[in-house]
Amino acid sequence: MKMVVRNVYLSDGMLVTKSRYGSHYGEKVFDGFREWIPWRSKLAAMILKGYTIDFRGEEIILYLGAASGTTLSHLADIIDEGFIYAVEYSAKPFEKLLELARERTNIIPLLFDASKPWKYSGIVEKVDFIYQDIAQKNQVDILERNTEFFLKEGGEILIMVKARSIDSTAEPEEVFDNVLKRIESRFEILKHGNLEPYHKDHLFVHAKLF
Ligand SMILES: C[S@@+](CC[C@H](N)C(=O)[O-])C[C@H]1O[C@@H](n2cnc3c(N)ncnc32)[C@H](O)[C@@H]1O
């Protein structure tokens, strides 16, 4: 088994996280590890494509668009000494997210609209990192608003962009160029790239606040 990044390993080509918890979304569990399926998680796809983020494990993270907690469950394995504020506005996936948060001590579930950060600003403190995967037309606006409210100076973001959600008629490259220009105006871009073959027409952007 080869270590990739804190609590993340490659086992015979399979990405896994070290975990003391059971299966959350049908992934295999064996000997204290959980399979991390790249077709189900953009973060897993990014890591399998060779780009990793050196989490220390004690960060405070704001996760926007946590859905039912697939990726969140693995991020919570990695950030085992920190905690994650997980925002989701859709009640159905939130039920499953609540189940996850009940068994984990490092997830704070928040049923809120991420485009209105002032509504949860009394709960969420300043964070080291914002992870955003919400597939919305205005997702960069939402990222900027949350950055203003919550991101510490020098903090980092990782945003997953779905071209068709932003503009279903434009070429993905054109959409991605516009997104990168906007992010560049406030952040130093550390890395960006696509998530093929796991997720078509998606871009990840990892950046640091100036
Ligand atoms: C692509 S899914 C997220 C998948 C999840 N990040 C994972 O990897 O396990 C996008 C989620 O963002 C949520 N979402 C979209 N707009 C939102 C908003 N304004 N506020 C909160 N959640 C939002 C959707 O309800 C959906 O569950």
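Below, a trainee and a mentor discuss a predicted model, its ligand site and a few backbone features.

In this predicted model, local features need pLDDT of at least 70, side-chain atom pairs count only at pLDDT 80 or more, and totals for chains, interfaces and linings use all residues. Residues are numbered from 1 along each chain as its sequence is written, and side-chain values use heavy atoms, with hydrogens and water left out.

Trainee: Which residues come nearest to the ligand?
Mentor: A residue is near if one of its heavy atoms lies within 4 Å of the molecule. The ligand has 17 residues around it. Those that come nearest are Tyr63, Thr71, Glu88, Asp113 and Ala114.

Trainee: How far is the side chain of Thr71 from an oxygen atom of the ligand?
Mentor: Look for N or O atoms, since a polar contact is a pair of them within 3.5 Å; within protein, one must be able to donate a hydrogen and the other to accept it, and residues adjacent in sequence count only if both atoms are side-chain atoms. An N or O atom in the Thr71 side chain pairs with a ligand oxygen at 2.5 Å.

Trainee: Which side chain has a polar atom 2.9 Å from a nitrogen atom of the ligand?
Mentor: Set the backbone aside: there, an N or O atom of Gly65 lies 2.9 Å from a ligand nitrogen. The side-chain atom belongs to Asp133.

Trainee: Is His206 buried or exposed?
Mentor: Place His206 in strand 12, residues 199-209; strands (E, at least two residues) are DSSP runs, numbered from the N terminus, as are helices (H or I, at least four). Its side chain makes a polar contact of 2.7 Å with the Glu156 side chain. Buried means under 20% relative accessible area, exposed over 50%, partly exposed in between (1.4 Å probe, protein chains only). His206 has 4% relative accessibility, so His206 is buried.

Trainee: Which residue follows Glu196 across a cis peptide bond?
Mentor: Most peptide bonds are trans. Here omega is about 0 degrees. The residue lies in the loop between strand 11 (187-195) and strand 12. It is Pro197.

Trainee: What is the phi of Asp31?
Mentor: Most residues other than glycine have a negative phi. Asp31 sits in the loop between strand 4 (29-30) and strand 5 (33-35). Asp31 is exposed because its relative accessible area is 71%. Its phi is positive, about 45 degrees.

Trainee: Where does Ala67 lie?
Mentor: Ala67 is not a glycine, yet its phi is positive, near 50 degrees. At 33% relative accessibility, Ala67 is partly exposed. Ala67 lies in the loop between strand 6 (60-64) and helix 2 (70-78).
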